[in-house]
Every structure is written in structure tokens, then in C-alpha cells.
Amino acid sequence: MRKRLNKIVVLIAVATLMIAAAGCSTTRRLEEGEVLYRGLKGVKYANPEEEELPEGLLDNIEMAVDAPGNKNTLLFFPVGLWVYNNMGSHESGFKKWFYNKFVQEPVVVSDIRPEVRTKMIDEILANNGYFRGGSSYELVSGKNKRKAKIAYTVSAGRPYLLDSIYLLPDTCHLSHAIDSLAKREPYLRSGERYCTDSLQAVRTRITNSLRNRGYYYFKPEFIEYFADSLQNPGHISIRMALANKMPDMARQRYVTGDVTMYIHRNEGGGTADTVAMPRGTLIQKMPSKFRRELMNECVTFNKGKVFSVRDMDRTQRYLARLGIFNAISITAKPDTLASVSTLDVAISCTFDMPLETSIEANVSSKSNSYLGPGLTLGLMHRNMFGGGEQLNVSLTGAYEWQTGHGRSSLFNSYEVGLAGSLTFPRFIAPSFIPRRKYSSNMTRVSVSADLLNRPHYFKMAQFNTSFGYDWMSSRYVNNNLTVFKLTYSKLLHTTADFDSITAANPAIALSFRSQFIPQLSYTYSYDRTFRKKHTVRYQISVTEAGNLFWTIYEACGKKGEKTLFNTPFSQFIKGTAQVVYGRRLGGSHWLWMRAGVGAAHAYGNATEVPYTEQFYCGGANSVRAFTVRSIGPGSYRASQGDVNGYFDQTGTFKFEFNAEYRFPIMGPLQGALFFDAGNVWLLSEDPQRPGGLLSGKRFFKELATGTGLGLRLDISMLVVRADLGIGIHAPYETGKSGYYNMETFGKSLAFHLAIGYPF
């Protein structure tokens, strides 16, 4: 009771102070002549429309004028300023606590130093060729002249353009190489706008190319520019020159000398074993496990070849890709005894610990809104056969329940699984398949067994084995090809409730039957961020099952239903596509949108797509105003008294759209406002589920829609998410007319607790 009274007293005190704040000054303690800074009024550009400034230049100007102002520390009231002006640090008791908690010293215009910021703008303009430009500022006050915003005006004028480009005199190989590279630069052309950043970028690119042509000690500052704006008014002539203080080492073109690779044990010590290899000399501390042929695959240096920094980067990347070393260093040192300029290369690698065990307790959140604790015991061997082959074995146990409202208590379940995988850090496949040598290309073999028990319905065992590849065909594109995956599902036990469900609906019974699922799948993923403002991700996936086995049986003359080990195998094709777009609105404010579609069709040896391969809608990562599998297919709705209708609400076609505005609140706490729409449908009519067939005329009417708000606690690698969905439109009959047809506001709410962002 005392705690409650204390809280009431604090709330009353805060409310009283806030009411008082409305009538008290927030400038009373400002020194004479000081003006309280109320923020940026804006930047006005006085250039003609045909002289639109480049986007990069605008960004630099915006950064120059950006300055944090006085904060509203509580709701929309400047409580911190009010405390600073109307309370003192001499207070005691609650007032002292309140003062220390909320006080904020005022930010005044003199702190912002707008005169310095205009000089920064002038310098930015000059660096970008706008020598005729200038900037100014003014204070914009309201009724209270002691408070003001700052408005900046920028008049850039017309930019200076590049005129003549004078290269180096062709007196040596270095000058000839620089001239050759400069002639390929698209920026060094008459008519381009003068820009110091672009000139710096040019000499950086030239330097990088030179370092790949043997000039290992060359640096960008060894190239100088001399600019002349007098020859042609409004234009600048550029003359390139080499720095006078450039050391002799920078002028030398080096070739690769001796290459020595050192392999050190993780625990140190050992006996050195020296072996001559085609790429160089290998010195390995024994005993240790290392497939020595990897030196020829990972080391790209060749003795006598022109030295290239690119070879250093590639070698470093290839060795790191193996995943067996915890330290890799590559150094180049001049050979003073050689007759020509030579760099000897030393590569030093130290093994990581080969074995790693782990015990992980976690809370998992799945896309079907199941949440629960889990425990995983893992064993990993980083270097199984000496070539970076990684063996992983894990034993997992989990208990889960469904978030949301309604029937959640009926779906508590537990799962036990044993999984093993062997990953090769190279692409064991024909060479005609495109890949990037500079990226990780993986070959994976895996096996697993799982036992899933849903006490109210069934107990199911599932076994999987697969073989596939992961590789990058470009910087932004990742490919996943599962050449072969075989899944065997076996119903071990069913309850009377589940038997009644399958008896009433043959389609459900067929999708749950014990069967083999032989699959081949391919996934194409694209992920790219543009200028840290736009992010585009899209993924296309195609899966086929059973076609190879069906073809073999047909070729052998087998008719009718075909089996594998006396068990039927499924045959279907399934495709999904998803596009995600994110746009930064400013600071940590983002707008994210996602659209996804999927379709599956069974044929040949099967009449129904397996239940685990069908689509569903609703839940923490879907239409969040509805519990998982509580909507669809189409306008179909299971009888409200039939809790087993859960199994009917899957489909073979799916469409979803989501939009989410994410914004910061305080520290790691973020907020979100979202809108979701989606549903699943059937591609073949099912008499047991009327209204479930996909129809173009009813498509938009049968889209379930909802909105809501959420909180995200983003702690480093972990994001805990809580979303409250509010239904707007249900695709089924609710007894209400109009687009907003939710039965009651209370029944339209769904709460989801999840791990990670929804997309």
C-alpha cells in the first residue's frame, strides 16, 4: 500500500510540475544577449532551377548545418529546460531527485556557431567547384525574441568546369603507367565539374592499380595536382606531377621473390617440417593436421611474377575462408641481395582450437508464432580432414506454445532433434557453374531426425538427408542449390480428435500421410544497400519433388501409384518470391515494405501437397492482427465451435503485403507502426472448404487486413519484439457489413512476442 501511495504522490507531483511548466519561463536564466536555439528552420537554395546541386553536395551541406537542439525530455514539454530555469541543485528530497533526473542545460545560438557553419558551407562549395558561391544565415524568432531558429541561405552560382588536363611527361615506366591509367579515368575529361573529392578518388584508384603492378610502396599523396583558373574564365586546367619528396622505394617496380608459409600450432611449440611446394616453401609445426595441397589452392603468389597487392588480398581471403586459423598475417620485405627489385613474402598462420562444445539455452520464435524455451548441446570440429571441413553435431530439445489469442493453449508441443552436417569450404561441383573465387563457396551434407509431439493430436517422426551448395555469383547475389533432399515423415500416433479430423476431410488426411518427399530446390537471393538510404532484397525459390523418381518408374513401365520402400512418395512443384524494400527517412527512422507470393501444385503420384509444404497466414511474421492459421483459405472459416478447424486453414497459394515504420524511442528501445494484408487460397476446389478457391473477382475482398503498433528491444545481436495487431477487415463473414467488419474491438486484437524483426 505504501508503494502505491508513493507512486501516486510522484505522479501528482510530476503532473503539477508539468502544469506549472506551461506558465513558467524556459529562458529566465539565460545570460544577457544569449538566444535559446529552437532548431533548424531550414536551408534555402537560391540557385536557378537549371543549376540543381548534386545530391552528394546537398548531403554535405545538410551535415554542416545539422546541430542537436534542446530536447523535449517528457512528452512534448521541454521539462529539462524548465527544471534548469526554475529549480536549483540545492533542492532536497524528491525535488533533488527530480532535478538530477530531468535537468538539461540550454543550447543557445552561440553554441551552434552559425557563422562557423556558413564558412564550412563556403568551403564545401569551393571544394565542389562553386567558387562564385556563398552562404548566410539569419535568426528567425517568434513572439519571444530570446528564442530563435536558424535559417541558412546558400547561393552556389555556376560551377567551374575542367578544361585542359596535362599528364606527366613520359620519361619512365612509372610516369607512363600513371598516364595510361589517367587516360582511362572518366572524370579526367573536359567539361566535368571541378571537385576535390573526385580528384582524390582518381589518384586513389591510380595508386591501387600501381600497387597491383609492382609499385608496392606507392601512395596517393605522391601524385599532386596543380590547378589554373586564369587561362579560361570559369574553367580550371589541371596539371599532374609527382611529389618531389617521393622516396626511391616508391619509384621501384618489384617482382615476387621467395614465398614462405608458416603453419603454427594453436598451443605453440612443435617440430618444424619443411616441404618445398610449387608455390613456395611450407614450414609446418608438427604434430598438426593440414592438407598441404591447400597451399597451391590458397596462395596466389608466383615467384618472378610482378608483385601485386591483389595477390596478398586473395591469399588472405582464401586462407580465412578455410575457417581453421585464428590469426593470419602476410608481410612483404625487400630482398637486398637480389639483382632486381624483389619482395620476399612471408605468410604466417596459427591454427584455431579444432574442437568446440557448446551448451545453449534460448527462447526461440518461429514464423508460425510458436514461442518457447530450448536447449541445444553442440559439438563442432573445425578441421575434420585437414582442409577446413567442418563437422557439426547437435542435440536439441524445445517446448513451444503459440502466441496470440483464441486457441493457443491447444497447440503446446515439444520437439526433440538430432542433426549432423559436414561443410566443405569449397565448391565441389563442375566448373561451368558460375561462382566468385573471392567469396565463400560451400558444399554441405546433412542428416537429421526429429520427433514432434502435439499431445492433443499426433506424434510424428521426420528424417532428412540433403546435399547442396551455397555460392556467390556476384557481390550482391547468393545462390543456394539443394541437389538432393530426401524427407521421410511417419505418423507414430494419433488421437481420436485427429482421426475425426482426417476422416471428415480426405485432403487433410492425404497431406498428413506417411510418405517420402524427394526434393530438388534452388534459391536466388539479392541484397544491396544504396548510399545507406535504400535497401533492396528479393528472393526467388523453386522446389520440385518426386519428378526424378516418377520418371524412372515410368521408364521402367510402372503404372499407378509409385512407392519407395513400400511407402508412397510425394510429387509437387512449389515456388515463392519475396521483395523487401527499406528507405531511410532520416536518422534512425525507416520505412520498410514487403510483398510476397507463393504457389504449390501436386500432380502425378500425389493429389495433395504435403501439409508441411502448404502455406498459412497470420501470426507474428505475417498478418499480425490474426493468430497463425486463423484465416483462409479464401473466405472459408471453420465453425467457431470446431477448435480442430486449425488444420483446414492452409492453402496452395499465398499473397502477403506488409508496411512498417520503425522509429527510435530511447536507447535500444524502438517503436513501430505497421499495416499488414494477406491470405491463402486453394488452387483446386475443396468441397469441405467452401470459398477457399482462388478467384480474381473476390481477391481483394478476401485479403485480411490489419494495423497495429509494436516495441523492439534491440540489444546487440538479439532483438526482442512485441507487436499488438488490430484487425481491420476479416475475409470471412462476421455478421457485420462494411469494410471494417470485425465482430468487436476486443476480438480484433492479437498480441505476439517474437525474436527478430518480421522482415
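Strand 12 (355-365), strand 13 (370-381), strand 14 (390-402) and strand 15 (413-424) each supply at least two residues of a nonpolar patch. Strands here are DSSP runs of E with at least two residues, and helices are runs of H or I with at least four, numbered from the N terminus. This is a predicted model: local features need pLDDT of at least 70, side-chain atom pairs count only at pLDDT 80 or more, and totals for chains, interfaces and linings use all residues. Residues are numbered from 1 along each chain as its sequence is written, and side-chain values use heavy atoms, without hydrogens and water.

**Nonpolar patch**
- The surface patch has about 970 Å² of accessible area together (Shrake-Rupley, 1.4 Å probe, only the protein chains shown counting as cover).
- Its members include Leu355, Ile359, Val393, Tyr414 and Leu418.
- Patch residues have over 30% relative accessible area and no salt bridge (Lys or Arg side-chain nitrogen within 4 Å of an Asp or Glu carboxyl oxygen); nonpolar side chains are joined within 5 Å, like charges within 9 Å.
- Leu418 is found in strand 15 and is partly exposed at 49% relative accessible area (buried is under 20%, exposed over 50%, partly exposed in between).

**Open sheet**
- An open sheet of 3 strands has the order 1-3-2 with mixed pairing (two strands pair if DSSP finds at least two bridges between them).
- Strand 1 (36-45) and strand 2 (134-141) are the edge strands, each pairing on one side only.
- The twist from one strand to the next averages 20° (angles run from 0 to 180 degrees between N-to-C directions of axes fitted to C-alpha atoms, for helices over the stretch in contact).
- Strand 1 and strand 3 (residues 147-155) run parallel, joined by 7 bridges.
- Val43 has Tyr152 of strand 3 as its bridge partner.

**Helix on the sheet**
- Helix 6 (residues 114-127) lies across strand 2 and strand 3 (contact means heavy atoms within 4.5 Å), and runs at about 150° to strand 2.

Key
Buried < 20%, exposed > 50% of the residue type's maximum accessible area, 1.4 Å probe, protein only.
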